[in-house]
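Reader: I am new to this structure. Please take one part and look at it closely, then link it to what lies around it.

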Amino acid sequence: MITVSIVTYTKNPFLDKYDPKYQILSKSIEFISKSSLITEILIIDNSKNKYFSDLEGISSKVVYKHMNGLNLGYGSGHNLARKYIRLKKYHLILNPDIIFYENNCLDYLYEYMNNNPDISMSQPLIFSYPNKKVQRLCKSNPTFFAQFIRLFLPRFLNKNNFLKRYNDAYEMRSVAYRNMVVESEYLSGCFMFCRVEHLNKVNWFDKRYFMYLEDADLTRMLSKIGKCVHIPLITIGHVWAKDSHTKFKLKIIAIYSFVLYSLKWGLKIF
């Protein structure tokens, strides 16, 4: 009843099965492949070499596709699920750095979506791994000010009262991350449990984004069809690098993505 897609990428020429990055992904695939709800797990490898090809041996449910060194980006990689696997009622867009705890996360989301046909996408509460700090990934639609302070002033977000209040509101801290389901304008692309019928209506990810804000864009498109909800009653772990905060090239990509987003949806300054 559920298909899964994972997009992988590494520039590490020495990556092997003992690398922590590989181990996390391997354990995640082992966990979800044991679920009777999961039918196929697609791995799109955007790396130069076939670093993750051994993962296909974990389960007969795993389908591995190497892009021959062509890095398609995050959204376009996941869009290939329409080509390489037989989609079911639900599709899970999954990061390679997700940790599943021993709970009934997939079963819960499956039943919840079945019982609420007006929901397009759902996402559990996400903790940082391994320290289990809540990641504030249930957000409002992106604004210029939010993107600017988070990209260029992250060290001041908890030191300046005005910036903190603004960022707290952007991250929906007053209503999310508690024991209640909350509708969100922007859910993280690290874990998106989607209704395939609705994904097809919006044509999946907008391929113009290479990375960053493709998840905000998809959430916004799906919100026109159904609800996109944050469900803090179940949890997963996530190794969160925040590379765009430290690497200049990724900052440029993040800025470009915001320009694309603003051209599509309109520029909201504050």
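Author: What follows starts with one helix and its contact, then moves on to other parts of the chain.

The model is predicted. The part chosen is helix 8, which spans residues 214-223.

How many residues of helix 8 are buried? Eight of its 10 residues are, so the helix counts as mostly covered by the cut-off of under 20% relative accessible area. The buried residues are Glu214, Asp215, Ala216, Asp217, Leu218, Thr219, Met221 and Leu222.

Now step back to the loop that leads in. Leu213 sits in the loop between helix 7 (196-202) and helix 8. Leu213 is buried too, with a relative accessible area of 4%. Its backbone deserves a look. Phi of Leu213 is near 70°, a positive value in a residue other than glycine.

Go one element further back. Asn200 belongs to helix 7. Asn200 is partly exposed, at a relative accessible area of 42%. Between Asn200 and Ala176 there are 28 Å in space, C-alpha to C-alpha, and 24 residues in sequence.

Which helix does helix 8 pass? It passes helix 9, in a left-handed crossing. Helix 9 covers residues 248-265. The two axes come within 10 Å and cross at roughly 20°. An angle under 35 degrees counts as roughly parallel, and helix 8 and helix 9 are therefore roughly parallel to each other.

Which residues make this contact? Helix 8 brings Ala216, Asp217, Arg220 and Met221. Helix 9 brings Tyr261, Lys264 and Trp265. By type, the contact holds four nonpolar residues, three charged ones and no polar ones. Three of the helix 8 partners, Ala216, Asp217 and Met221, are also on the list of buried residues.

The spacing along a helix helps here. An α-helix has 3.6 residues a turn, so residues three or four places apart point the same way. Keep that in mind when viewing the contact.

Helix 9 leads on to the aromatic rings. One aromatic cluster is formed by Phe144, Phe148, Phe152 and Phe258. Residue 258 falls within helix 9, residues 248-265. Residues 144, 148 and 152 fall within helix 5, residues 144-152.

So much for the link; next comes helix 5 itself. Helix 5 crosses helix 6 (residues 161-170) at roughly 115°, with the axes coming within 11 Å. This crossing is left-handed. On the helix 5 side, the residues are Phe145, Ala146, Gln147, Ile149 and Arg150. They meet Phe162, Leu163, Tyr166, Asn167 and Tyr170 in helix 6. The residues of this contact divide into seven nonpolar, two polar and one charged.

What lies between these two helices along the chain? Leu157 has its place in the loop between helix 5 and helix 6. At 11% relative accessibility, Leu157 counts as buried. Which residues does Leu157 touch, leaving out those up to four places away in sequence? They are Ile149, Arg150, Leu163, Lys164 and Asn167. Of these, Ile149, Arg150, Leu163 and Asn167 also belong to the contact of helix 5 with helix 6. Glu102 is another matter. Leu157 and Glu102 are 34 Å apart in space, C-alpha to C-alpha, and 55 residues apart in sequence.

After helix 6 comes another loop to note. Tyr177 is found in the loop between helix 6 and strand 8 (182-183). Phi of Tyr177 is near 70°, again a positive value in a residue other than glycine. Tyr177 counts as buried, at 11% relative accessibility.

Back to the rings. How many aromatic pairs does a search of the whole structure find? The search finds 16. One of the pairs is Phe31 with Phe100. Their ring centres are 5.3 Å apart and their planes are at 15°, so the pair is stacked. Phe31 lies in helix 1 (residues 20-33), while Phe100 lies in the loop between strand 5 (98-99) and helix 4 (105-115). The pair therefore ties together parts that are 69 residues apart in sequence. Phe31 is partly exposed, with a relative accessible area of 22%. Phe100 counts as buried, at 9% relative accessibility.

One backbone feature remains. A cis peptide bond joins Tyr129 and Pro130, with omega about 10°. Pro130 is in the loop between strand 6 (119-128) and strand 7 (138-139).

Definitions and conventions
Residues are numbered from 1 along each chain as its sequence is written. This is a predicted model: local features need pLDDT of at least 70, side-chain atom pairs count only at pLDDT 80 or more; totals for chains, interfaces and linings use all residues. Side-chain values use heavy atoms; hydrogens and water are left out. Axes are lines fitted to C-alpha atoms, for helices over the stretch in contact, and angles run from 0 to 180 degrees between N-to-C directions. Helices (H or I, at least four residues) and strands (E, at least two) are DSSP runs, numbered from the N terminus. Angles under 35 degrees count as roughly parallel, over 145 as roughly antiparallel, 65 to 115 as roughly perpendicular and the rest as oblique. A crossing is left-handed if the near helix is turned anticlockwise from the far one by less than a right angle, and right-handed if clockwise. Contact means heavy atoms within 4.5 Å. Ala, Val, Leu, Ile, Met, Phe, Trp, Tyr, Cys and Pro count as nonpolar, Asp, Glu, Lys and Arg as charged, and the others, Gly among them, as polar. Rings of Phe, Tyr and Trp (its six-membered ring) pair if their centres lie within 6.5 Å; planes under 30 degrees apart count as stacked, over 60 as edge-to-face and the rest as tilted. Buried means under 20% relative accessible area, exposed over 50%, partly exposed in between (1.4 Å probe, protein chains only).
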